[in-house]
Amino acid sequence: MQSNDEYHAKLLLNPTKGFIPNSLHPLIHKSFLNAVNNSPTATFTIALSGGSLPSFLSTLPESFIEAKIDPQWNRWHIILADERLVPSTDKDSNLRAIREAFLHKVPIPSSQIHGIDESMLSTSSSAEIAAEYQARVIDPLMS
């Protein structure tokens, strides 16, 4: 990926998991607004992982309402920061967890939720699946 954009990391500390959404949601709000405010055709791309993150996102739609921000879900693209090599219906799938906790609550077009190519699971190596995902999803969205 070649880009002129600058990315910054910030470590946030919270006393318990319960406080994380209160720190995370405003960062997502700010990133969304920065991505879309300057252009009516701009999109917002967010990379999500599994673990505890899906549960932290479960109240994200409500946080946009509380912040009086129109999330414009049709402008969102969801990509995976990591995924297990299982179908998205499998209990171990990060995409399944994200769908169950967050995506089922919002009208992000399914064509803008980018999972791995599940048709490759039984015939391809993890490196091949990752390379296909990079070429099909990451590179076009980040260019």
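1. Pro 71 is buried, at 12% relative accessibility. The residue sits in the loop between helix 3 (60-66) and strand 2. Setting aside residues up to four places away in sequence, Pro 71 touches Phe 32, Phe 64 and Trp 76. Its C-alpha is 29 Å from that of Asp 90, which lies 19 residues away along the chain. Note that this is a predicted model.

2. Two other residues of that loop deserve a look at the backbone. Lys 68 is in the loop between helix 3 and strand 2. Its phi is near 60 degrees, a positive value in a residue other than glycine. Gln 72 lies in the loop between helix 3 and strand 2 as well. Gln 72 also has a positive phi, of about 45 degrees, although it is not a glycine. Most residues other than glycine have a negative phi. I would keep the two apart in the discussion of exposure. Lys 68 counts as exposed, at 76% relative accessibility. Gln 72 counts as partly exposed, at 25%.

3. Now the sheet. It is open, has 3 strands in the order 1-2-3, and the pairing is parallel. Which strands stand at the edges? They are strand 1 (44-48) and strand 3 (113-114). Each has a single partner strand, so one side of each is left without a neighbour in the sheet.

4. The strand pairs can be taken in turn. Strand 1 and strand 2 (residues 76-80) run parallel and are joined by 5 bridges. Phe 44 has Trp 76 in strand 2 as its bridge partner. Thr 45 has His 77 in strand 2 as its bridge partner. Strand 2 and strand 3 also pair in the parallel sense, over 2 bridges. There, Ile 79 has His 114 in strand 3 as its bridge partner.

5. Is strand 2 mostly covered or mostly open? It is mostly covered, with 5 of its 5 residues buried. Trp 76, Ile 78 and Leu 80 point one way from the strand. His 77 and Ile 79 point the other way. In a regular strand the side chains alternate between the two faces of the sheet. Trp 76 comes up twice more in this note: it is the bridge partner of Phe 44, and it is among the residues that Pro 71 touches.

6. A helix lies against this sheet. Helix 5 (residues 126-142) packs on the sheet and touches strand 1, strand 2 and strand 3. The direction of helix 5 makes about 140 degrees with that of strand 2.

7. His 114 merits its own point. It is found in strand 3. It is buried, with a relative accessible area of 13%; the cut-off for buried is under 20%. Which side chain makes a polar contact with that of His 114? The side chain of His 77 does, at 2.8 Å. Not counting residues up to four places away in sequence, His 114 touches His 77, Ile 78, Ile 79, Leu 80, Tyr 133, Val 137 and Leu 141. Among these, Ile 79 is also its bridge partner.

8. Next, the second largest pocket. Its volume is about 200 Å³. The lining holds 13 residues. Leu 80, Glu 83, Ile 116, Ala 130 and Tyr 133 lie nearest the centre. Which element gives the most to this lining? Helix 5 does, with 6 residues. Two of the names recur: Leu 80 and Tyr 133 are also among the residues touched by His 114.

9. Asn 94 is in helix 4 (residues 94-101). Is this residue buried or exposed? It is buried, with a relative accessible area of 3%. Not counting residues up to four places away in sequence, Asn 94 touches Gly 50, Gly 51, Asp 82, Glu 83 and Arg 84. Glu 83 is also one of the residues nearest the centre of the second largest pocket.

10. Last, the segment before helix 1 (20-36). Leu 11 has its place there. Leu 11 is exposed, with a relative accessible area of 72%. Leu 11 and Asp 70 are 59 residues apart in sequence, and their C-alpha atoms are 27 Å apart in space.

Conventions
Residues are numbered from 1 along each chain as its sequence is written. This is a predicted model: local features need pLDDT of at least 70, side-chain atom pairs count only at pLDDT 80 or more; totals for chains, interfaces and linings use all residues. Side-chain values use heavy atoms; hydrogens and water are left out. Two strands pair if DSSP finds at least two bridges between them. Helices (H or I, at least four residues) and strands (E, at least two) are DSSP runs, numbered from the N terminus. Contact means heavy atoms within 4.5 Å. Axes are lines fitted to C-alpha atoms, for helices over the stretch in contact, and angles run from 0 to 180 degrees between N-to-C directions. Buried means under 20% relative accessible area, exposed over 50%, partly exposed in between (1.4 Å probe, protein chains only). A polar contact is a pair of N or O atoms within 3.5 Å; within protein, one must be able to donate a hydrogen and the other to accept it, and residues adjacent in sequence count only if both atoms are side-chain atoms. On a 1 Å grid over the protein atoms alone, a cavity is a set of points where a 1.4 Å probe fits but cannot get out, and a pocket is an open set with protein on both sides within 12 Å along at least five of seven lines; lining residues have an atom within 4 Å of a point. Grid points are joined across faces, edges and corners, and a volume is the space filled by probe spheres set on the points.
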